[in-house]
Amino acid sequence: MIAEPAAAHDPGSRYLDPAIETMARPELEALQTERLLERLPQVYEHSALMRSVWQAAGISWREITSLEEFSKLAPFVDKDRIRQFRADHADPVGGLLCVPHAHIAVLGSSSGTSGDPTPLPQQANGPLVVGLARDFWEAGARPGDYVANAQFTYRSSHAIERFERIPVVPIFLDQGTEDLEALFDASVRFRPTVLYVVNNLLIAAIDDYGTRSGRDPAEVLASYKSVIFGGEPLSDRSRALLARWGLRAQQMTALGDVCGAIECREADGCHTWEDLALVEHLQLDSTTPAADGERGELVVTSLTEWVAPLIRFRSGDIVELTRRPCGCGRTHARIKVLGRTGDEIVIDGRSILPRDVWPAIEAVPATAAGLFQLIRRERHSDRLRIRVGYRGTSMAAGLAADVASSVEHHLGLVPEVELVPEAQLLRLGPPHKIPRVSAV
Amino acid sequence: MSQVTAPMEDVWSDRSVWGVGRYTVAGRTRLWPSTRAERASAAAHATQHLGALGIGRGDLVLLVSRMSEGVQAVPVEDAVANLDAVLCPADGTVADSRRVISFLRTFPLGAVLGLGPSTLEGCRQLDIPLSVFERAPILVADHDAVGPLRLAGLDPFGWRFLGPCLAIECRSRAGLHLDGDGWQVTEVDGELILRPSRAGPGKEIRDDGPLATGVIGEVNPDPCSCGSRDPRVLIDSGPTA
């Protein structure tokens with residue numbers, strides 16, 4: 001639908017929704033309680049999955065009257081539980097849907113990195129739209145600005161409302177390397193303020209295109225106040241390139257399929273929006289809350305989603321979470337994503353995640369794109385095994401030894417290295433979304 | 001370096017730009033800032049023609065598109081919403097064919113729109129026969145994918161991007177209709193040439209002169225038996241070299 005003019009925001013303010021973004025913790029928890037208690041009966045009545053999970057746990061929504069009781073009593077769901085419900089009941093939405101199909105605005109889907117894409121029904125102006133507009137604002141977008149919009153894939157609609165909310169003007173681009181000329185041309189012609197969203201491969205491609213075309217990225221991209229980076233960890237090489245071009249990166253991640261979370265300019269963790277989602281983090285393999293700032297699994301509950309809300313969704317993301325107020329003045333929890341619970345390999349009691357290996361792989365020029373997989377047959381292993389994609393058509397002599405040496409230098413572990421052409425790994429998905437762990 | 005911004009009072013005007021899209025002619029990418037009035041007009045056109053093909057309330061509509069196609073695809077998203085149907089997006093790349101097939105096998109789709117050669121190539125790589133698209137009661141495919149789908153025994157309607165606008169085949173199957181309120185179309189030396197009907201955002205933002213599409217075809221001036229008064233084009237072949 002074509003949007004109506006929104007209320008004007010103060011372009012001089014650091015916040016799009018100042019009252020919400022800087023809300024004191026007691027008020028924020030009161031708002032969360034109100035929204036949670038409003039959501040629970042609706043979900044219990046209409047979501048077949050949630051009702052079955054709660055009934056199996058012997059819990060009724062009526063027993064929950066506070067955040068503390070929710071934390072103590074409410075059962076969890078995870079992706080496997082949703083997939084199982086899909087299979088058992090031939091319900092493609094996994095028993096999550098709380099409204100008739102006709103009330104869904106967009107039936108999006110997950111990336112499908114770890115299996116078939118999971119359908120994600122969305123409402124109009126849902127949490128994804130509301131949260132991202134705040135993030136764009138923090139990144140420096142102001143009414144009337146252009147924003148280069150180069151998302152990974154077209155799987156959640158163009159969600160034009162997120163731009164209309166400020167409003168800014170999106171420049172529609174593909175994220176692939178084939179659209180670099182358009183990105184450069186649009187950047188010079190419209191002087192956009194935010195580039196949303198890039199990954200390591202695209203940053204390397206911008207550098208390469210700049211060299212080949214004789215157009216200096218530092219000049220072409222000078223108008224950007226911020227570059228949103230997502231889908232994988234920002235590599236040291238990418239960070240250095242962005243710094244050379246005078247660009248500031250703000251990293252983004254997903255908040256358990258509920259909405260996104262993006263760093264502010266303080267770059268000290270991705271900001272969640274706790275008015276939109278109740279955010280918890282639990283000790284790994286446990287239901288005990290992890291301490292502030294410690295490593296734990298991210299658990300998310302939708303507070304404003306009414307089409308297919310997730311309640312106590314164990315995301316499988318390993319994060320460090322803190323609720324200490326940020327230097328930017330915002331009060332909502334911040335997270336640093338470290339990896340996925342299913343990605344962890346334990347070698348001699350030591351936890352290894354793909355992001356631990358990343359710097360070692362990209363330090364070798366022929367594997368600088370960082371395309372690799374950890375071979376994980378079981379969580380505990382006697383050896384680190386890595387499949388690494390190399391650039392070009394033929395493998396350089398001694399490359400496996402170079403990669404092994406780099407890994408040993410960075411991690412102190414001597415790995416087994418299997419080399420494959422980059423193209424073989426790229427067949428598994430877009431560069432930022434290839435499965436980072438393989439059982440075979 | 002100064003930013004390009006619009007004064008706030010102009011941001012919501014009919015002539016203000018809501019999005020910048022692109023299209024390719026003869027291997028060169030052209031950027032196209034589109035106005036709010038043009039989006040509304042394109043959405044009304046898509047609503048009329050997709051509704052006439054049978055898309056209606058509650059239908060699940062799989063739209064295969066790319067992020068770079070926003071100026072052409074957002075009016076289709078608007079149309080799906082106007083028809084009270086449900087949008088199911090999938091990327092028009094070889095790699096995302098899995099998503100298209102997953103949707104097709106999982107949901108009772110009412111229509112598949114924008115199916116293109118890349119998705120067909122993805123199906124080939126996955127060893128999935130094109131007959132899988134029989135599951136979609138309404139199939140609207142990119143002009144370049146219509147031939148292979150017909151060879152597979154299907155009978156899709158065609159659609160085609162002409163520069164920044166979208167032309168859609170009607171049930172008469174006698175050409176593709178483009179948005180007659182938004183565009184004037186002529187034929188020059190066999191190439192379809194467009195010109196926006198409305199005032200654009202201003203010459204400092206966009207050149208509103210004749211717009212080459214790179215598409216070889218002809219304009220059919222005869223009234224269409226479907227009843228639409230939107231101009232109709234017959235496309236002879238792919239883009240010019």
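**Exercise 1. Find what covers the buried residues of helix H3 of chain B.**

Solution.
Step 1. Start with the cover. It includes strand S2 (106-109) of chain A. From chain B it includes strand S3 (60-65), strand S4 (86-91) and helix H4 (117-125). Helices (H or I, at least four residues) and strands (E, at least two) are DSSP runs, numbered from the N terminus.
Step 2. Count the buried residues. H3(B) spans residues 97-106, and seven of its ten residues are buried. A residue is buried if 20 or more other C-beta atoms lie within 10 Å of its own, exposed if 12 or fewer, and partly exposed in between; the C-beta atoms are placed from the backbone.
Step 3. Name some. Among them are B:Val100, B:Ile101, B:Phe103 and B:Leu104.

The model is predicted: local features need pLDDT of at least 70, side-chain atom pairs count only at pLDDT 80 or more, and totals for chains, interfaces and linings use all residues. Residues are numbered from 1 along each chain as its sequence is written, while chains are lettered from A and ligands numbered from 1 in the order in which they are written.

**Exercise 2. Describe the side of chain A that touches chain B.**

Solution.
Step 1. Count the residues. 50 residues of chain A are in contact with 49 residues of chain B. Contact means that two C-beta atoms, placed from the backbone, lie within 7 Å.
Step 2. Find the elements. S2, strand S4 (146-149), strand S5 (169-172) and helix H8 (180-190) of chain A each supply at least two residues. H8(A) gives the most, with six residues.
Step 3. Sort by type. The side of chain A divides into 26 nonpolar, 15 polar and nine charged residues. Here Ala, Val, Leu, Ile, Met, Phe, Trp, Tyr, Cys and Pro count as nonpolar, Asp, Glu, Lys and Arg as charged, and the others, Gly among them, as polar.
Step 4. Check the scores. The predictor gives the complex an ipTM of 0.95 and a pTM of 0.89.

**Exercise 3. Place strand S6 of chain A among its partners, then look at A:Arg191.**

Solution.
Step 1. Check burial. S6(A) covers residues 194-198, and five of its five residues are buried.
Step 2. Find the partners. S4(A) and S6(A) pair in the parallel sense over three bridges. S6(A) also pairs in the parallel sense with strand S7 (residues 226-230) of chain A, over four bridges. Strands pair if DSSP finds at least two bridges between them.
Step 3. Match residues. A:Val194 is the bridge partner of A:Val147. A:Leu195 stands opposite A:Val227.
Step 4. Go to the loop. A:Arg191 is found between H8 and S6 of chain A. It counts as partly exposed because it has 17 C-beta neighbours inside 10 Å. A:Arg191 and A:Ser223 are 32 residues apart in sequence, yet 5.2 Å apart in space, C-alpha to C-alpha.

**Exercise 4. Draw the open sheet S20-S19-S17-S21 of chain A.**

Solution.
Step 1. Set the order. Four strands form this open sheet, and the pairing is mixed.
Step 2. Mark the edges. Strand S20 (416-421) and strand S21 (437-438) of chain A each have a single partner strand, so one side of each is left without a neighbour in the sheet.
Step 3. Join the middle. Strand S17 (residues 372-375) and strand S19 (residues 385-390) of chain A run antiparallel, joined by three bridges. A:Gln373 stands opposite A:Arg387.
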